[in-house]
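The following exercises ask the reader to examine a protein model step by step. Each task is followed by a worked solution.

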Amino acid sequence: MKSFLLIVRLAWRDLLAERVLALCLLIGLTATAAPLLVLAGLRTGLVEGLRSSLLENPHVREISSASNKEYPTEWLAELKQNPIVSYLVPKTRTLAASVLLVPDKRPADGRHIALIPSSPDDPLLFPQSMPASSRALILSSATATALHLKAGDKVEIHIPRLGGDSETTVLPLVINDIASPRTSLQDVGFVSLRLAQAVEIYRENPVSWQEAWLRGATLAPTYPGFRLYARHIEDVPTLDKDLRAQGIEITSRAGDVEDLLTLDNRLTLLFRLTAFLGILGFFASLSAGLWSGVQRKRLTLATMQFLGVRRLMLLPVLQGQFLAITGILAAFSGAFGVAHIINITFSTTLPSGRPLCILDGILCLEACIATSAGAFIVSLAAALRTARIEPWEGIITP
């Protein structure tokens, strides 16, 4: 332990003795690493900004059937169990889902809306949550604004039969919540699957509303469509391809997600190539500096070995680590300063005030590890040269 501490002290004192050369190496590392850190921060900020924009849009992970078709309930249940599917709900026929919404005591302000089946944990309604009640109603922001409605207001939905029958059932409901404007720009109301099924059964069959309500409590053998959400945005293209391969017509944002993933991969490749060239140049100069230092101090090192000093091969390794750690810390200081300036400059041009340049802890840790590992590798040549110096070289004059 004492010999190791001696080598540490010698390595540090030797750097101080050759402070001009050490300063040049530090400046080289800082000038190389700081721009690379800023470039990595810009890549992270750009990709994370696009990813956040997509995640904030509830429709990005959504995949919906594009046309009415008979989908067996068993098939939908199996699809829901797919590990990359986070949510699935059947859809009723579009024509049968249209009803007239009338505010309480304002019959002249009626507006036709489409009923969309939903359930608790529906991603489309986040941050709102669909109540478990079978008669719950969450109204779209567009409809609520047009009819001047708010949560807690009483409304009626008028359910006419299809096929020319003038019979209409009036169902009183209370608005549980108003959906976020990003949820839908259409006149829609989110209801339980049971209520949507009961409306469909009543409109398409000559049955009473009570019978339709009872039949709506059980799952139908088939459904005309579905609405599902991928667990992660990276899963959207996979689900899209799988469903299309089965001959199912769907609508999704798979193209936008693939564009983001492609951009991420290309920016990553660009950064890695740039970083490789820059770091390769610095480590080459560091290796040359450490090697030349060993060559210049060959007689001194041999004399120290002759006097019994051990582990001298650690001398260039420790000096490389001192230079690498000090240089990367200086690069962090410069990079964080530049990143702060960039984020302030573009704070008004990016949505939601997102930073354009992000230097997070993971990036800093990776940079420290890469710099330390690289310095260790390039210092091995100088360490091996030190190890080959014989003690007698210190007492023989060349």
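**Exercise 1. The enclosed space**

Which element supplies the largest share of the lining of the largest cavity? Determine also how the residues of this lining divide by class.

*Solution.* The model under study is predicted.

Step 1. Begin with the search for enclosed space: over the whole structure, one cavity of 30 Å³ or more is found. The volume of the largest cavity is about 150 Å³.

Step 2. Locate its centre. The lining consists of 17 residues, and the closest to the centre are E18, G289, L290, K297 and Q319.

Step 3. Assign the lining to elements. At least two residues each come from α1 (2-17), α2 (19-56), α8 (254-296) and α10 (314-345). The largest share belongs to α8, with five residues.

Step 4. Sort the lining by class: ten residues are nonpolar, three are polar and four are charged.

**Exercise 2. Two open pockets**

For the largest pocket and the second largest pocket, state the volume, the residues closest to the centre and the elements that contribute to the lining.

*Solution.*

Step 1. The largest pocket has a volume of about 700 Å³. It is lined by 27 residues, of which A40, F271, L363, E366 and A367 are the closest to its centre.

Step 2. Two or more residues of this lining come from each of α2, α8 and α11 (361-387). The element that gives the most is α2, with ten residues.

Step 3. By class, the lining of the largest pocket comprises 17 nonpolar, four polar and six charged residues.

Step 4. Turn to the second largest pocket, which holds about 540 Å³ of space. Of its 28 lining residues, E62, S64, K91, I116 and R227 are the closest to the centre.

Step 5. Here the elements that give two or more residues are strands: β1 (62-65), β5 (111-118), β9 (188-192), β11 (225-230) and β12 (250-252). The largest share, four residues, is that of β5.

Step 6. The lining of the second largest pocket has ten nonpolar, 13 polar and five charged residues.

**Exercise 3. The open sheet**

Which strands stand at the edges of the open sheet, each with a single partner strand?

*Solution.*

Step 1. Write down the strand order. The open sheet has four strands in the order β3-β11-β1-β12, and their pairing is antiparallel.

Step 2. Read off the two ends. β3 (85-91) and β12 are the edge strands; each has a single partner, so one side of each lacks a neighbour in the sheet.

Step 3. Consider the twist, which averages 15 degrees from one strand to the next.

Step 4. Examine one pair within the sheet. Three bridges connect β1 and β11 in the antiparallel sense, and I63 is placed opposite L228 in β11.

**Exercise 4. The closed barrel**

In what order do the strands of the closed barrel run, and which residue is the bridge partner of V155 in β8?

*Solution.*

Step 1. Six strands form the closed barrel, running β4-β5-β9-β6-β8-β7 with mixed pairing. Its twist averages 45 degrees from one strand to the next.

Step 2. Find a parallel pair. Strands β6 (residues 137-139) and β8 (residues 168-178) run parallel and are joined by three bridges. In this region I138 stands opposite D177 in β8.

Step 3. Find antiparallel pairs. Seven bridges link β7 (residues 154-160) to β8, and four bridges link β4 (residues 98-103) to β7.

Step 4. Follow V155 through both pairings. Its bridge partner in β8 is L173, while V155 in β7 is also the bridge partner of P103.

**Exercise 5. Cysteines**

How many disulfides does the model contain? Explain the result for C357 and give the nearest cysteine sulfur to C368.

*Solution.*

Step 1. Fix the criterion: the two cysteine sulfur atoms must lie within 2.5 Å. By this rule the count is zero disulfides.

Step 2. Test C357. Its closest cysteine sulfur is that of C364, at 10 Å, which is too far for a bond.

Step 3. Test C368. C368 is in no disulfide, and the nearest cysteine sulfur, in C364, is 6.8 Å away.

Step 4. Compare the surroundings. C357 has a relative accessible area of 3% and is buried, whereas C368, with a relative accessible area of 30%, is partly exposed.

Methods
Residues are numbered from 1 along each chain as its sequence is written. This is a predicted model: local features need pLDDT of at least 70, side-chain atom pairs count only at pLDDT 80 or more; totals for chains, interfaces and linings use all residues. Side-chain values use heavy atoms; hydrogens and water are left out. On a 1 Å grid over the protein atoms alone, a cavity is a set of points where a 1.4 Å probe fits but cannot get out, and a pocket is an open set with protein on both sides within 12 Å along at least five of seven lines; lining residues have an atom within 4 Å of a point. Grid points are joined across faces, edges and corners, and a volume is the space filled by probe spheres set on the points. Ala, Val, Leu, Ile, Met, Phe, Trp, Tyr, Cys and Pro count as nonpolar, Asp, Glu, Lys and Arg as charged, and the others, Gly among them, as polar. Two strands pair if DSSP finds at least two bridges between them. Axes are lines fitted to C-alpha atoms, for helices over the stretch in contact, and angles run from 0 to 180 degrees between N-to-C directions. Buried means under 20% relative accessible area, exposed over 50%, partly exposed in between (1.4 Å probe, protein chains only).
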